[in-house]
Amino acid sequence: MPSYSNDASAEKTTFSTDRALKHVKQISQNPHGVGFKAHEDVRDYIVSELDMMGLETSLQEGYTAGDSGNLSKAINILARIKGSGSGKALLLLSHYDSGPHSSLGASDAGSGVATILEGLRAFLAENPNPKNDIIILISDAEELGLNGADLFVKEHPWRRDVGLVLNFEARGSGGPSYMLIETNRGNSRLIEEFTKANTPYPVASSLAYSIYKMLPNDTDLTVFREDGDIEGFNFAFIDDHYDYHTVHDTYERLDRNTLAHQGSYLMPLLKHFSNADLGNLKSLNDYVYFNIPFFKFVSYPFEWIWPMFYLAALLFITFLIHGFRKKELDFIAVLKGFIPILLILAINGIVGYFSWSVLKWMYPHYKDILHGFTYNGHTYITAFVFLSLGVCFMSYQKFKKIKTSNLLVAPIFLWLIICAMVAIYLPGASFFIIPVFALLASFWVTLNQEIPSAFLMVLIALPAIFIFAPFLQMFPVGLGLKMMVASTLLSSLTFLLLLPIFGFFRKKATLAYFCFLIFFGSMIVAHFNSAFSQENAKPTSLLYVFDEDTQSAKWATYENSLSKWTSQYLGESKKVSEKLANATISSKYNSDFTYVSDAPIKEIPSMKIEKTRDTVIGNSRHLDICITPQRDINRLEVFTNKVSLERASVNGIALSSFYLKNRRWGKLITHYVSNNTYTDLTLVFSKDEVLELAIYEASNDLLSNSQFSIPTRPEHNIPMPFILNDAILVTKTVRFD
Ligand SMILES: [Zn+2]
């Protein structure tokens, strides 16, 4: 990664992190999700900044419902720079809405918008007349259902001109920005062009992409790929997950190096792709790729995967024969070499697998961090990586009588099996074979030299360190501490690649104790940082839930360990919560209320539900229902009973029949409401069935509503993200006999 230094006075033609930061500061003053007050202010700011660059901006406005029934009216910001050529256009993309309801959105995706604004300004200062058209799309409602991207790809006339998209995103507030490709076919042409652009700090690997493809996390770019068959590059940073979608996603907490990293991608890519042929990026071939110091970015075709594997296997067999013939290898010693490996994998596998459960048992309040990456998460990674290494040293200490050359046979065998599995199931990770070649080289040296040069052995081991070190922490950082097992196993496997060095160490036990010492030290440090504080704030949640059917009210929370603040309402009479009616309000991790308690009845203006049409045509009943809020609301969610809907549309947007058939818990729609607008349902179903709707109407104003006098949330608490929070929720069921 680049390291940030004050660059406010950098030349006009270069990207300045300080200048980009000014945009971040402006954008992240207040939560600016769709329907929130500051949303419009942020849009106005971006439009005025584009205007100042002399660009003509336009807005694209409309409803979409995406693939998961999340309806909202998105307002996209668009601008276009005319190129001198007639080829496909380059599209720069980021989103300006922040996550509902408390996120300040400095990183997500204020950093992306700022990168584009500053990068474009610097680019135009040097290249006022690019060859390709450049379209700028600052999308809306990404956080709700990728609605802005959906609207552009489905309806905007410019969508047909786009040849490539560069998308800037964030899922945390720091760490390196990973380049992730989105394509429906092979990546070879994209990799070739990316390599030509010669970005100074590429962080990318085909392994990360293979895993990214398996995860449910979608970005705006996914819509371009799936619905428009348009390829693109994502640049997204994911570290410091605990700031994501919270009031701590601030200007101050955005890592300056990370923002500089985003700029370091955009500038060379803008220069390259504004001139390249963007009509020629599709390909059927795939490349394996990864980044490594000195060589920066390495790639080779998938066709090489098996030949490289066969070559490694052939070398292994040849060396084995040579070793046995030379009597350097002893059959029993070689077999014994498998025991420490099995020990290491078993112990470190079990420790890694259960570590998160044990930590949650020791510190129950960690359960309130829904994504599972605690504030002291990095310290835990250090702890468990060293614990694993300690186990490795200890295991090999027990087999110190066996010569290193004999000990190396088992790791090479294991690694070849891993490479074969990877070649079949996860070809993107096939670059794992490269350190195996290094391991084979040192095996050859140990077969032929009694005491090889330590310097040579370290040199040969460098690829293993450079390639695997970043992955040791990537998995828990990316997927939560529940993935610690990936760190413990990868540490063990990396240790095996370094065995040509460690095998010659006399005092392995001493090193093991040293590693255990670091483990205990880290655990103690983590313990002292385990409590919540102002810096590491506790996510808290409080809702007022009014049931119109029974005219009863409850306080509710999603917290597992109640904070003092929440206890004021749930403390004395708290009950373990049962599910709300027949379904739970949608949330990222499908969270249920944990506790509820009785609450006083307040006068909440009841929503207006009107039946505007009710006719039977053939065997189908056609029902039009309009729901209009009578108070300030942010979100309306509608569930149905087990009726099978033939057709359904909301505010004129038809829901796909695939979606209607696969609705989870009967959810029909989540409407993220702007300007207290109505929700108009058109439903078609069999005339013999009875329709029942469960309607959840929510506003995020519990803390500011004049009917309540909730004390301000303490400074060491933040609104819990990923769930409905600080809300007044009204539930109502309606039956249509
Ligand atoms: Zn985002």
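Student: Is His 95 buried or exposed?

Tutor: In this predicted model, His 95 is buried, with a relative accessible area of 1%.

Student: Which residues coordinate the zinc ion?

Tutor: The zinc ion is coordinated by His 95 through NE2, by Asp 108 through OD and by Glu 169 through two OE entries, at 1.9 to 2.6 Å. Glu 169 is likewise buried, at 5% relative accessible area.

Student: How are the donor residues of the zinc ion spaced in sequence?

Tutor: The spacing is H-x12-D-x60-E. His 95 lies in strand S3 (residues 89-95) and Glu 169 in strand S5 (residues 162-170), 74 residues apart, so the pair links distant parts of the chain.

Student: What is the geometry of the site of the zinc ion?

Tutor: Four donors count as tetrahedral if all angles lie between 85 and 135 degrees. Here the angles among the four donor atoms run from 52 to 140°, and the site is irregular.

Student: How many disulfides does the structure hold?

Tutor: A disulfide is a covalent bond between the sulfur atoms of two cysteines. The structure holds zero disulfides. For Cys 419, the closest cysteine sulfur is that of Cys 392, 18 Å away, which is too far for a bond. Cys 419 is buried, with a relative accessible area of 5%.

Student: How should salt bridges be read, and how many are there?

Tutor: Side chains of opposite charge can pair when their charged atoms come close. The count here comes to 31 salt bridges. One of them joins Lys 37 and Asp 41, with the closest N and O atoms 3.7 Å apart. Because these two residues are four apart in helix H2 (residues 37-52), about one helical turn separates them. Lys 37 counts as exposed, at 71% relative accessibility, whereas Asp 41 counts as partly exposed, at 41%.

Student: Which parts of the chain does the salt bridge of Arg 253 and Glu 535 link?

Tutor: The side chains of Arg 253 and Glu 535 meet at 3.9 Å, N to O. The pair links distant parts of the chain, 282 residues apart: Arg 253 is in the loop between strand S7 (231-239) and helix H9 (256-273), and Glu 535 in the loop between helix H20 (508-528) and strand S10 (538-540).

Student: Which residues form the nonpolar patch on the surface?

Tutor: The patch is formed by Trp 306, Tyr 310, Phe 413, Ile 417, Met 421, Ile 424 and Tyr 425, with about 760 Å² of accessible area together. Helix H15 (409-425) and helix H10 (305-325) each supply at least two of its residues, and H15 gives the most, with five. Phe 413, found in helix H15, is partly exposed, with a relative accessible area of 40%.

How values were computed:
Residues numbered from 1 in each chain as written. Predicted model: local features only at pLDDT ≥ 70, side-chain atom pairs only at ≥ 80, totals over all residues. Heavy atoms only, no water. Patch = residues over 30% accessible without salt bridge, like charges linked within 9 Å, V, L, I, M, F, W, Y side chains within 5 Å. Areas by Shrake-Rupley, 256 points an atom, 1.4 Å probe, with all protein chains shown as cover. Salt bridge = Lys/Arg side-chain N within 4 Å of Asp/Glu carboxyl O. Buried < 20%, exposed > 50% of the residue type's maximum accessible area, 1.4 Å probe, protein only. Donors = N, O, S within 2.8 Å, 3.2 Å for Na, K, Ca; no water. Tetrahedral: all angles 85-135°; square planar, octahedral: opposite > 155°, others 65-115°. Disulfide = S-S within 2.5 Å.
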